[in-house]
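Trainee: Please give me a close look at pockets and the residues that line them, with the cut-offs behind each term.

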Amino acid sequence: MEEKGLSLVAASATKKVAYSKNIPQYFIYSAMAGACCALGMALAYSVGSAFYFNSATTGMYSLIMGITFALSFTLIVFSGAELFTGNMMTMTIGTLTRSITIKQALTLSVFCYFANICGAIFFGWLFGATGLLEGKVGQFLVTSCEKKMALPFSQALTRGILCNMLICMGTWATIKLKSEAAQMIVLVWVVLGFVATGYEHSIANTALFTMSFLAPQTTSSISLAGAFSNLLPVTLGNIIGGSLFVGFVYWYSGRSLKS
């Protein structure tokens with residue numbers, strides 16, 4: 001049942017490793033994924049703030065944010081960019097099928113993460129420089145970041161796990177689907193699922209924290225220590241969710257069906 005999917009993902013892992021040998025090009029391509037996350041966050045909070053601060057629609061803000069943040073992942077998939085979280089599944093399957101080596105998988109993953117972070121920070125700063133964080137948008141963003149930075153380690157970890165399970169299952173589906181319309185629907189559902197539920201994404205959070213530092217409404221609760229206390233468990237959770245709960249699971253399922 002899953003042999004075709006495994007073959008496609010393993011081939012994708014091989015292509016990614018080959019492309020990553022061109023370091024400048026791969027860095028820019030990966031940084032664009034961080035940029036897309038920043039652009040998606042900017043849209044989600046700009047639109048979501050109008051619903052959040054209106055008593056008649058406050059219950060709908062998470063739904064609206066989930067739909068609008070889908071901008072980021074549709075851009076990544078259809079415009080082309082390299083996202084660390086989705087690569088967790090791809091690199092795991094590539095390694096387990098022996099299409100790539102563990103060293104290649106680790107090298108690509110670390111470099112991709114670094115480039116994603118750089119892209120998210122730069123474009124988060126760029127949005128902050130526009131002046132569009134004035135008023136309710138900045139207030140909403142800072143309030144959200146304060147909550148994220150205050151999350152206990154275990155909660156941030158598990159939210160990171162579930163977030164990347166959804167992302168990688170969406171990636172798995174889009175690789176197998178031929179229709180672009182079907183791929184778009186899957187991506188929107190996946191993003192809606194993790195945003196509206198309240199899960200945590202390391203690259204998106206990096207862009208969000210950058211914006212929160214630049215917002216006029218920023219507070220003493222917004223700090224580098226707070227950002228690190230969130231990003232560490234969320235990144236670990238993203239790795240576990242994509243590698244273990246999706247990559248390993250689908251590899252094992254496909255492998256056992258062959259035997």
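Mentor: Helices here are DSSP runs (H or I, at least four residues) numbered from the N terminus. The model is predicted, so to speak, with conditions attached: local features need pLDDT of at least 70 and side-chain atom pairs pLDDT 80 or more, while totals for chains, interfaces and linings use all residues. Residues are numbered from 1 along each chain, and side-chain values use heavy atoms, without hydrogens and water.

The largest pocket (an open set of 1 Å grid points where a 1.4 Å probe fits, with protein on both sides within 12 Å along at least five of seven lines) holds about 720 Å³ of space, a volume being what probe spheres set on the points fill. Its lining (residues with an atom within 4 Å of a point) comprises 27 residues, and Ser 12, Lys 16, Val 77, Thr 171 and Ile 175 are those nearest the centre. Helix α1 contributes the most to this lining, with six residues, while α1 (3–19), α2 (23–52), α3 (61–80), α4 (84–96), α7 (153–176) and α8 (180–197) each provide at least two. By class, the lining of the largest pocket has 15 nonpolar residues (Ala, Val, Leu, Ile, Met, Phe, Trp, Tyr, Cys, Pro), three charged (Asp, Glu, Lys, Arg) and nine polar (the others, Gly among them).

The second largest pocket, of about 440 Å³, is lined by 24 residues, with Tyr 45, Ser 144, Lys 148, Val 195 and Gly 198 closest to its centre. Two or more residues of this lining come from each of α2, α3, α6, α8 and α9, and α6 has the largest share, five residues.
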